[in-house]
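Reader: I am new to this structure. Please take me through it in short steps.

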Amino acid sequence: MLNTNFTKLMKSIGISGRELAEYAGINPSIISRLRTGERTPDYSSTTISKIVNGIAIWCSDNNMENELLYFLESQNTITRKSSLRTGILRYLYEDNLLIYSEKASMRSIDKASKGPLRNKYAKSNSSTFSEKLKNVMDLADLSNVQLSKLINVDPSYISRFKSGERIPSSGSVLLEPMCQAIFDKILSNNNALQLAKLMSISPDSINNLDFLYIAFKEYLTIKDGNRESIFRFLKSIDSVLPVSYNEFPDYKNITDLSLLKDTQSLYSGRKGLRTAVERFLLKVIDQKVPEILIYSDEDMDWMTEDKLFYQKWIILMMEVMKQGTNIKIIHNIDRNIPEMMLGIESWLPIYMTGSIQPYYLDSKVGNRFSHTLIAAPGVCTVASCIIKGSQDNGDYYYSEEKGTIDQVERNFMALLNTGNPLVRVVSGEQEDINAKIIKNAETDLDIINSESADEDTNKEFRNIRISVNKDSVYISKLNHPVFTFVFYHPLMCEAMKIYLKNLKLAE
């Protein structure tokens, strides 16, 4: 059982619930509920990812890595120190055989500890922001907690940076104070020469501290991680296949059909939200609704922490699309390139069905309230506005009343009017797609194309063609089935332009 193993693991290394909550960046009540068994999140949930990273980083900061390793070895869940996070995950979920597959591990916590996919364009893991940060923090002899105190942030921020879960944007207010704090500590430790060697610059640079600091800041903040994320993203497109509806079981065998007769309008907490959404989707299927609208900026743990519900969600959504319902969804992708591409990857097979119209917003999500707007126009709706972080006690409203449905629809459309298309999918023969690319390309702009890179650098993607103009990037999957994904997000366009230029320069 998860709660038993979790409690035993905490006792074996001597970490308190409050310490773990601080390192994981979560509320201490979540730790308590996990230990009592009141809460059992899925192994791939955000909550478990934070907890596993928190345990690993706490052990590192407190010189307890060997004790953790010995404990995991005694439980036969680990064989290598480099797999500490995987070992923790396997021990916590030892009754879940899926976690022992490499594919499952890569989709969960181990993706943070192993780093990005290695390839000829990603020269080494030391080129990523997370690895650079680890290297310079070692030179500075700074722990996560020590650095977090110097720049007045929660230690979980530093943990996420070091694990690769987060990469600060170029405009982040944290970059300058973080660089300055690390740099000053490196100098106070008399490690300027070692820093110059780490950055592969002349040893004489240590005589000019202004220059050394500029070089250090550039070294730490350059976004080589984008290149590795794009490589992985293109490999996903190369192998992606459309969803096959026949692969999914009959939704009637796994859902509570009695919800169609439910008269309740108010649902509380995460469990209540799951019930309201299940009822909503059953109603959509029952009424053969032509279109549904989906927006939510809440933490997705409400969906993924309950494995049975997550399966229901997927199967019900497949049934909705199978019956021909069109889905307009506004994604929250207020993220950097690596996180954005990771999020989009999981949607690729569904985009290929043609049933999804995805959008994104230019405006950023606020830090005070979370909103859910889900509507089947003229049929039913689920909506909420709660304080951020209060999902456990939040109120969620299900309604079939016309006035309420119309209001939710108006709110959704008002958001949509401020948004932009995220991706369009074109299927058919490659000749047709090429014609559409040429037709849509601006005549006064040169198209940057992956086929113009020399043959040696492009052989990794023999089944992929990339074309970029000012406002969009076309990524064509040339092998069967032939599809082209047209992305409109400006960060995606800019990152792909840089990537293609680097292909030409790669050795």
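Reader: Which residues do ring pairs link into a cluster?

Author: This is a predicted model, so local features need pLDDT of at least 70, side-chain atom pairs count only at pLDDT 80 or more, and totals for chains, interfaces and linings use all residues. Residues are numbered from 1 along each chain as its sequence is written, and side-chain values use heavy atoms, with hydrogens and water left out. Rings of Phe, Tyr and Trp (its six-membered ring) pair if their centres lie within 6.5 Å. By that rule the cluster is made of Phe-183, Tyr-213 and Phe-216.

Reader: How many aromatic pairs does the structure hold?

Author: A pair of aromatic rings is described by the distance of the centres and the angle of the planes. The number of aromatic pairs held by the structure is 7.

Reader: Are the rings of Phe-183 and Phe-216 stacked, edge-to-face or tilted?

Author: Planes under 30 degrees apart count as stacked, over 60 as edge-to-face and the rest as tilted. The centres of the Phe-183 and Phe-216 rings are 5.7 Å apart. Their planes stand at 40 degrees, so the pair is tilted.

Reader: How many residues apart in sequence are the parts that Phe-183 and Phe-216 tie together?

Author: Helices (H or I, at least four residues) and strands (E, at least two) are DSSP runs, numbered from the N terminus. Phe-183 sits in helix α12 (residues 175-188) and Phe-216 in helix α14 (residues 209-221). The pair therefore ties together parts whose separation in sequence is 33 residues.

Reader: Is Phe-216 buried or exposed?

Author: Buried means under 20% relative accessible area, exposed over 50%, and partly exposed in between (1.4 Å probe, protein chains only). Its partner Phe-183 is buried at 4%. Phe-216 has 0% relative accessibility, so Phe-216 counts as buried.

Reader: How far apart are the ring centres of Tyr-213 and Phe-216?

Author: Both residues lie in helix α14, 3 residues apart, about one turn of the helix. Tyr-213 counts as buried, at 13% relative accessibility. The planes of the two rings are at 40 degrees, so this pair is tilted, and the distance between the centres is 6.5 Å.

Reader: How many salt bridges does a search of the whole structure find?

Author: A salt bridge is a side-chain nitrogen of Lys or Arg within 4 Å of a carboxyl oxygen of Asp or Glu. Glu-38 and Arg-33 form one, with their closest N and O atoms 3.9 Å apart. Glu-38 is exposed, with a relative accessible area of 60%. Over the whole structure, the number of salt bridges found is 10.

Reader: Where does Glu-400, the salt-bridge partner of Lys-283, lie?

Author: The closest N and O atoms of Lys-283 and Glu-400 are 3.8 Å apart. Lys-283 is buried at 16%, while Glu-400 is partly exposed at 39%. The two are 117 residues apart, with Lys-283 in helix α16 (residues 269-287) and Glu-400 in the loop between β7 (395-399) and α21 (402-416).

Reader: Which strands does the salt bridge of Lys-328 and Glu-291 tie together?

Author: In this bridge the closest N and O atoms are 3.8 Å apart. Lys-328 lies in one strand and Glu-291 in another, so the pair ties together β3 (residues 326-331) and β2 (residues 291-296).

Reader: Which residues do salt bridges that share partners join into one network?

Author: The bridge between Glu-38 and Arg-33 was met above. The network holds Arg-33, Glu-38, Arg-270 and Asp-392.

Reader: At what angle do helices α5 and α6 pack?

Author: Axes are lines fitted to C-alpha atoms, for helices over the stretch in contact, and angles run from 0 to 180 degrees between N-to-C directions. Helix α5 (residues 65-74) and helix α6 (residues 84-92) have their axes 10 Å apart. They pack at an angle of about 45 degrees.

Reader: What is omega for the cis peptide bond that joins His-480 and Pro-481?

Author: Most residues other than glycine have a negative phi, and most peptide bonds are trans. Pro-481 is found in the loop between β12 (473-477) and β13 (483-487). For the cis bond from His-480 to Pro-481, omega is about -5 degrees.

Reader: What is the phi of Lys-288?

Author: Lys-288 lies in the loop between α16 and β2. Lys-288 is exposed, with a relative accessible area of 63%. Although Lys-288 is not a glycine, its phi is positive, at about 50 degrees.
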